[in-house]
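Trainee: I would like to learn how to read a model like this one. Where should a reader begin?

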Amino acid sequence: MPPHIFNGSLMSDQVLLSKSLSLSDDFASVATQKSVAKLNAEVSKLRAITLFTKAESEEKLLNQKEEMSLALHDLRVRVEKSRRKNQTTKGKIAAKEEYIGH
C-alpha cells in the first residue's frame, strides 16, 4: 500500500479509510442528534398546542355555560311574569263574572 501524508504524518490507506469512516460516523451522529433535537422540539410544540387547545376549549365551554345560565334565568323571569299576568287576568275575569252574576 502506498503511504499518504495526512496532518504531516505518513498513513496507510487502511488508516485513512478508518479516519474517513470515523469522520463520516461523527457527521452522521451530529445529524442524528440534530434530527432528535428537532423531533423533541416538535413534540414539545405539539404538547403546548394540545394544552392551549384544551384550555381554549374549557374557556369556551365555561362561556357557553354562563350564556346558557343567563338565558335560562331570563326565560324563568319571563315565564314568572307571564304567570303573574295570567293570574291577574284570571282574577279580573272572575271579578267581572261575579259582578255580572249578581
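Mentor: We will take confidence, fold, surface and salt bridges in turn.

Mentor: Begin with the origin of the coordinates: this is a predicted model. The protein has an average pLDDT of 84, and 73% of its residues score at least 70.

Trainee: Over which residues does pLDDT stay under 50?

Mentor: The general idea is that predicted coordinates should not be read in detail where pLDDT is low. Here that stretch is residues 1-11, where pLDDT stays under 50. The model still gives residues 1-11 16 contacts beyond four places in sequence.

Trainee: Next, the fold. What pattern does the protein follow along the sequence?

Mentor: List the elements, then put them in order. The protein has one helix and two strands, and along the sequence they run β-β-α. The helix, α1, spans residues 13-101.

Trainee: How much of the protein counts as buried?

Mentor: Of its 102 residues, 1% count as buried. The exposed area of the protein is about 9,600 Å², with 61% of that supplied by carbon and sulfur atoms.

Trainee: Now the charged side chains. How many salt bridges does the count come to?

Mentor: The count comes to four salt bridges. Read each by asking for its distance, its spacing in sequence and the exposure of its partners. One of them joins E42 and K45, whose closest N and O atoms are 3.9 Å apart. The cut-off is 4 Å, so this pair is counted.

Trainee: Where do E42 and K45 lie?

Mentor: Both are in helix α1, three residues apart, which is about one turn of the helix. E42 is partly exposed at 36% relative accessible area, and K45 is partly exposed at 45%.

Trainee: What is the N to O distance between E80 and R83?

Mentor: The E80 and R83 side chains form a salt bridge at 2.4 Å, N to O. E80 and R83 are three residues apart in helix α1, about one helical turn. E80 has 27% relative accessibility and counts as partly exposed; R83, at 43%, is also partly exposed.

Trainee: How far apart in helix α1 are E80 and R84?

Mentor: E80 and R84 are four residues apart in helix α1, again about one helical turn. Their side chains meet in a salt bridge at 3.3 Å, N to O. R84 counts as exposed, with 53% relative accessibility.

Trainee: What joins E80, R83 and R84 into one network?

Mentor: Salt bridges with shared partners do: E80 pairs with R83 and with R84, and the three residues form one network.

How values were computed
Residues are numbered from 1 along each chain as its sequence is written. This is a predicted model: local features need pLDDT of at least 70, side-chain atom pairs count only at pLDDT 80 or more; totals for chains, interfaces and linings use all residues. Side-chain values use heavy atoms; hydrogens and water are left out. pLDDT is the predictor's confidence in each residue, from 0 to 100. Contact means heavy atoms within 4.5 Å. Buried means under 20% relative accessible area, exposed over 50%, partly exposed in between (1.4 Å probe, protein chains only). Accessible areas come from the Shrake-Rupley method with a 1.4 Å probe; for residues, only the protein chains shown count as cover.
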